[in-house]
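User: Could you walk me through how to read a structure like this one, feature by feature? I would like the general idea each time, and then the case at hand.

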Amino acid sequence: MALLLSRARLGLRATSALRGGHHLTSYSEVGPWSTFSLRMRYTMLLKNQTDPTIADYFFEKWVRDWCADAPSYNYWWVTSFAMGAMVGILSRHWFFNPDLYGRRQESRKPLPDRHRQWSYSLPYFNHRMRNFVAKYKWCMIDNEPDWADYHPIGYRPNRKQIHRRPYMWVFTVPRYTCEDPLYTSVTHENMNRIYEEIGYSKKPEWMQTEEEEEQLRAAAGLIVSFRAEKAA
């Protein structure tokens, strides 16, 4: 009784064509994108429509199964978005990733040609979007966010973390890096400095001074002599 007296009954009555056995294509608007115009094009997409009656039957089933299923519209959008993302991601890998090859001979070229191929991958490693968002790594990474900012070989410019968080986004970190008391402590540069001071690791060869190289050679000599005495 409550349903009969409510406005919901109007919605149920409006969908009688979907709930009953009526033809959804009985009425059509005028225009190139109308139901009738789609019916005229429908046989062009199939190969087994030998009779107009059969074409009418299958077109009616297509309209009911595809267009009259409103809950599937969101899946159409998700599928279209996923296919577009797939095409974009795979195209990026195929054209710019140096680790992917379309032909076997690409992996057997002489080294000068390999250098030429590696130059094609520079947009892959240094594209505009990556350079734009890499400065916000400190908002997403708690420990050593600057671990890949410095590039010793020079394929790309050295990056630097920005002093603020993204605009209208990421509210889980302080607004500015200077407001975070642990920011300078957890950086990759500071952690490397701590490890080098306690002797846990050493600087790369291209960062060592002459004095540090001499100290490393002296330490290596002491270790070798100690092992020789221990073995004797």
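Analyst: Happy to! Let's begin with one residue: at 13% relative accessibility, Tyr136 counts as buried, because the cut-off for that label is under 20%. Please keep in mind as we go that this is a predicted model.

User: Where in the chain is Tyr136 placed?

Analyst: Tyr136 belongs to the loop between helix 9 (128-133) and helix 10.

User: Which residues is Tyr136 in contact with, leaving aside its neighbours within four places in sequence?

Analyst: For a buried residue, a list of contacts is a good next step. Tyr136 is in contact with Gln161, Ile162, Arg164, Arg165 and Pro166, once neighbours within four places in sequence are left aside. Take Ile162 from that list: its C-alpha atom and that of Tyr136 are separated by 6.4 Å, although the two residues are 26 apart along the chain.

User: Can we zoom out to the whole chain? How many helices and strands does the chain have?

Analyst: Counting elements gives the outline. Here there are 12 helices and 0 strands, so the order from the N terminus on reads α-α-α-α-α-α-α-α-α-α-α-α. Of the 232 residues in the chain, 18% are buried. The accessible surface comes to about 19,300 Å², and carbon and sulfur atoms account for 62% of that. For contacts, take the pairs at least 6 apart in sequence: 46% of these join residues at least 24 apart.

User: What covers the buried residues of helix 4?

Analyst: To read packing, find the buried residues of an element and then look for their cover. In helix 4 (residues 35-42), Ser37, Arg39 and Tyr42 are buried. Their cover includes helix 5 (52-67).

User: I noticed backbone angles too. Which value does phi of Met168 take?

Analyst: The thing to look for here is a positive phi in a residue other than glycine. Met168 is such a case, with phi near 60 degrees, and Val170 is another, with phi near 55 degrees. Met168 sits in the loop between helix 10 (137-140) and helix 11 (188-197), and Val170 has its place in the loop between helix 10 and helix 11 as well.

User: Are Met168 and Val170 buried or exposed?

Analyst: Compare each value with its cut-off. Met168 has a relative accessible area of 62% and is exposed, because that is over 50%. Val170, at 11%, is buried, because that is under 20%.

User: What about Thr187: where is its place, and which residues does Thr187 touch?

Analyst: Thr187 is found in the loop between helix 10 and helix 11. With a relative accessible area of 10%, Thr187 is buried. Not counting residues up to four places away in sequence, Thr187 touches Glu144, Pro145 and Asp146.

User: How should I read a pocket?

Analyst: Rolling a probe the size of a water molecule over the atoms shows where empty space is left. In this model, about 610 Å³ of space lies in the largest pocket. Its lining has 21 residues, and Asp146, Tyr150, His188, Glu189 and Asn192 lie nearest the centre. By class, the lining comprises 7 nonpolar, 5 polar and 9 charged residues.

User: One last topic, the cysteines. How many disulfides does the structure hold?

Analyst: The check is whether two cysteine sulfur atoms lie within 2.5 Å, and the count here is 0 disulfides. The setting of a cysteine can be read from its accessible area. Cys139 is buried, with a relative accessible area of 5%, whereas Cys178 counts as exposed at 70% relative accessibility.

Definitions and conventions. Residues numbered from 1 in each chain as written. Predicted model: local features only at pLDDT ≥ 70, side-chain atom pairs only at ≥ 80, totals over all residues. Heavy atoms only, no water. 1 Å grid on protein atoms, 1.4 Å probe; cavity = no way out; pocket = protein on both sides within 12 Å on 5 of 7 lines; lining within 4 Å. Points joined across faces, edges and corners; volume = space filled by probe spheres on them. Nonpolar A, V, L, I, M, F, W, Y, C, P; charged D, E, K, R; others polar. Buried < 20%, exposed > 50% of the residue type's maximum accessible area, 1.4 Å probe, protein only. Helix = DSSP H or I, 4+ residues; strand = E, 2+ residues; numbered from the N terminus. Contact = heavy atoms within 4.5 Å. Areas by Shrake-Rupley, 256 points an atom, 1.4 Å probe, with all protein chains shown as cover.
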